[in-house]
Amino acid sequence: MKVLAIDCAANLCAACVYDTDAEKELGREVRDLGKGHAEHLMAVIEAALQAGGIGYPGLDAVAVSIGPGSFTGLRVGVSTARGLALALKIPAIGVTTLEALAAEGAATFPERAVLAALDAGREEIHAALYDKALAETYGPSVTTLSEATAMAINAEAVLAGTAAPQIAQAVGRAFDTGPVAATADIATYARLASAKGPGEKPKPLYLRGADAKPQAGFILPRQDKGN
C-alpha cells in the first residue's frame, strides 16, 4: 500500500510517500515555513510524489497530522487530505501529533510509558499519556505543568514534545527523552496511519479555542428584525 502523509501541524510543511509493503519511504519534501502552509502544501506534495516516482492514481491512502498544533496549519492539512481522498476515492486517516511523538519516544525507549507534551503557552500543556503498548491512557487534553509532572513521575514515563524540558526542570531531575519537537517526522505519520487503517474522516484536534477573537469595537449591533 502506498500512503501519502501530510503534516502542517507546526512550523513544517511536510509530505512523504511511504510503501507499507516494503516498509520504506519512497520520497519526501519538507519545508520549514513557520506560516504560509496553504500557499506551499500542494507544491510540497507534488515534490514528494515526484521524488517517490509515483502519481496520484498510485496512492492507496492519505495520512494527515490532526493536531494539536497550529489552527491554520491543521485546517490546511486536514482539508487537503480530505479533498484528495474524496477525489481519488481512497481513505484519509488522521494521526495526532501527540501519538506520533509518543511513537518516536517509544522507538528510542521501548517497553516504556510515554508522556507526549506540547507547550501551549498561557501556562498550559497539551498532553497525552501512553502505556508500554502505546495505548492511550490519558488525553489528549489541556493540562497544567504540575499535573503533567505528576503523570511523568507516576508513570515513570519517557518524555516527548516541546514541553519535555519544562517537565524535567519542574521535577528537578533528568528523564529519558524522545524528540523535543512540535511534530514528529513525516514518515511516522504514514506508518501510524497504515497501522490504524480507515476510520472516521479526520478533523482537526483543537484542545482550546482560537487565539483570534473579534474586536469588540468592530462588532456590529444586532438589528431588530421588525425594523
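Reader: How many disulfides does the count come to here?
Author: Keep in mind that this is a predicted model. A disulfide needs two cysteine sulfur atoms within 2.5 Å. For cysteine 8, the nearest cysteine sulfur is that of cysteine 13, and it sits 4.3 Å away, so with the 2.5 Å cut-off neither cysteine 8 nor cysteine 13 is in a disulfide. The count comes to zero.

Reader: Is cysteine 8 buried or exposed? And what about cysteine 13, buried or exposed?
Author: Buried means under 20% relative accessible area. Cysteine 8 has 1% relative accessibility, and cysteine 13 has 0%. By that cut-off, cysteine 8 counts as buried, and cysteine 13 also counts as buried.

Reader: Which strand order does the open sheet of four strands have?
Author: The pairing in this sheet is mixed. Strand 8 (136-143) and strand 9 (158-160) each have a single partner strand, so they stand at the edges, with one side left without a neighbour in the sheet. From one strand to the next, the twist averages 15 degrees. The order is 8-7-6-9.

Reader: How many bridges join strand 6 to strand 7?
Author: Strand 6 and strand 7 run antiparallel, and aspartate 119 stands opposite isoleucine 125 in strand 7. Their hairpin has two residues between the strands, and arginine 122 takes a positive phi near 55 degrees there. The number of bridges joining strand 6 to strand 7 is seven.

Reader: On the other side of the hairpin business, which residue in the turn between strand 7 and strand 8 has a positive phi?
Author: Strand 7 (residues 124-130) and strand 8 run antiparallel too, joined by five bridges. Leucine 129 has tyrosine 138 as its bridge partner, while tyrosine 130 stands opposite glutamate 136. The hairpin leaves five residues between the two strands, and the one in the turn with a positive phi, about 65 degrees, is leucine 134.

Reader: How many of the seven residues of strand 7 are buried?
Author: In the order 8-7-6-9, strand 7 sits between strand 8 and strand 6. Strand 7 is largely enclosed by the rest of the structure, because its buried residues number six of the seven.

Reader: At about what angle does helix 3 run to strand 6?
Author: Helix 3 (residues 97-108) lies across strand 6 (114-121), strand 7, strand 8 and strand 9. Relative to strand 6, helix 3 runs at about 135 degrees.

Reader: Threonine 97 lies in helix 3. Which residue has its backbone oxygen 2.9 Å from a polar atom of that side chain?
Author: Threonine 97 counts as buried, at 0% relative accessibility. Leaving out residues up to four places away in sequence, threonine 97 touches several others, including Ala9, Ser65, Leu118 and Tyr189. Pro68 is on that contact list as well. The backbone oxygen 2.9 Å from a polar atom of the threonine 97 side chain belongs to proline 68.

Reader: Now the rings. How many residues apart in sequence are the parts that the pair of phenylalanine 71 and tyrosine 206 ties together?
Author: The count comes to one aromatic pair, and it is stacked, with 4.6 Å centre to centre and 15 degrees between the planes. Both partners are partly exposed: phenylalanine 71 at 21% and tyrosine 206 at 33%. Phenylalanine 71 lies in helix 2 (residues 71-88) and tyrosine 206 in the segment after helix 6 (186-196), so the parts tied together are 135 residues apart.

Conventions. Residues numbered from 1 in each chain as written. Predicted model: local features only at pLDDT ≥ 70, side-chain atom pairs only at ≥ 80, totals over all residues. Heavy atoms only, no water. Pairing = 2+ DSSP bridges. Axes fitted to C-alpha atoms, helices over the stretch in contact; angles between N-to-C directions. Contact = heavy atoms within 4.5 Å. Buried < 20%, exposed > 50% of the residue type's maximum accessible area, 1.4 Å probe, protein only. Polar contact = N/O pair within 3.5 Å; in protein donor to acceptor, adjacent residues only side chain to side chain. Phe/Tyr/Trp six-rings, centres within 6.5 Å; stacked < 30°, edge-to-face > 60°.
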